[in-house]
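Q: Please take a close look at one part of this model and work outward from there. I would like to know which residues are covered, which are not, and what lies against them.

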Amino acid sequence: LTDRQHYDLICDGNIEPHEAPYIAYYILSDKMGTQKHKKLKNLPDNFSVLNIYGRVTSFMKVKWFRYRHVSEWLSGIKHSSLVVTDSYHGVLFSIIYNKQFVCIANQSRGMSRILGILKMADLESRLCMDEKIDLQEFINNRIDYKDTNRNLQAAIASSKSYLSQAF
């Protein structure tokens, strides 16, 4: 773990224009983003959805999927209004950037790591066991990051101490 300023060096200057406000959609089991309208209930009219995993590109009627560069992906989280993810890294960077987020539980993909970071941040309530998410519930119940940031700073200090003793 490190401070958000280190990650800002990666994503600053790599901001793709997005309609604001937008939801950063990062579902590993739906890289094409084809299921987002089935998964997201009560999408507010003023929100757009950006698949930060990647996008379909076409040339001469041939389509392929292009993953986003790390800087684009991170910028997508940093500048979003809400993150919807099933990924440990999606949760982690949502917390680092103090984003409102919801994590869809995916039992086949690293749930113990996700539960660990949610517990450390005292944000277990952001885990959704249902694949269909009522976005209004998560938009209306905003995260107060004051205690979470204190816990995160303690974890960063512990990580730095461990590394300095190890080397």
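**Helix 1 and strand 1**

A: The buried residues of helix 1 are packed against two other helices, helix 3 (70–78) and helix 4 (88–96), where contact means heavy atoms within 4.5 Å. The model is predicted, so local features need pLDDT of at least 70 and side-chain atom pairs count only at pLDDT 80 or more, while totals for chains, interfaces and linings use all residues. Numbering runs from 1 along each chain as its sequence is written, and side-chain values use heavy atoms, without hydrogens or water.

Helix 1 spans residues 4–11, and Tyr 7, Asp 8 and Cys 11 are its buried residues (buried is under 20% relative accessible area, exposed over 50%, partly exposed in between, with a 1.4 Å probe and protein chains only). Tyr 7, Asp 8 and Cys 11 lie on the same side of helix 1 because they cover an arc of only 110° around its axis, taken from the directions from the axis to the C-beta atoms. Gln 5 and Leu 9, on the other side of helix 1, are exposed. Helices (H or I, at least four residues) and strands (E, at least two) are DSSP runs, numbered from the N terminus.

Strand 1, residues 22–26, is mostly covered, with five of its five residues buried. In a regular strand, side chains alternate between the two faces of the sheet. In strand 1 both faces are covered: one side carries Tyr 22, Ala 24 and Tyr 26, the other Ile 23 and Tyr 25, and all of these are buried.

Strand 1 has a parallel pairing with strand 3 (residues 48–51), over four bridges; strands pair if DSSP finds at least two bridges between them. Within that pairing, Ala 24 stands opposite Leu 50 of strand 3. Strand 1 is also paired with strand 6 (residues 82–85), again in the parallel sense and over four bridges. There, Ile 23 stands opposite Leu 82.

Some loop positions can be set beside these covered elements. Lys 61 sits in the loop between strand 4 (54–59) and strand 5. Its phi is near 70°, a positive value in a residue other than glycine, and Lys 61 is exposed, with a relative accessible area of 85%. Val 62 belongs to strand 5 (residues 62–67) and is partly exposed, at 49% relative accessible area. Asp 122, in the loop between helix 5 (111–120) and strand 8 (127–128), also has a positive phi, near 60°. Asp 122 is exposed, with a relative accessible area of 57%.
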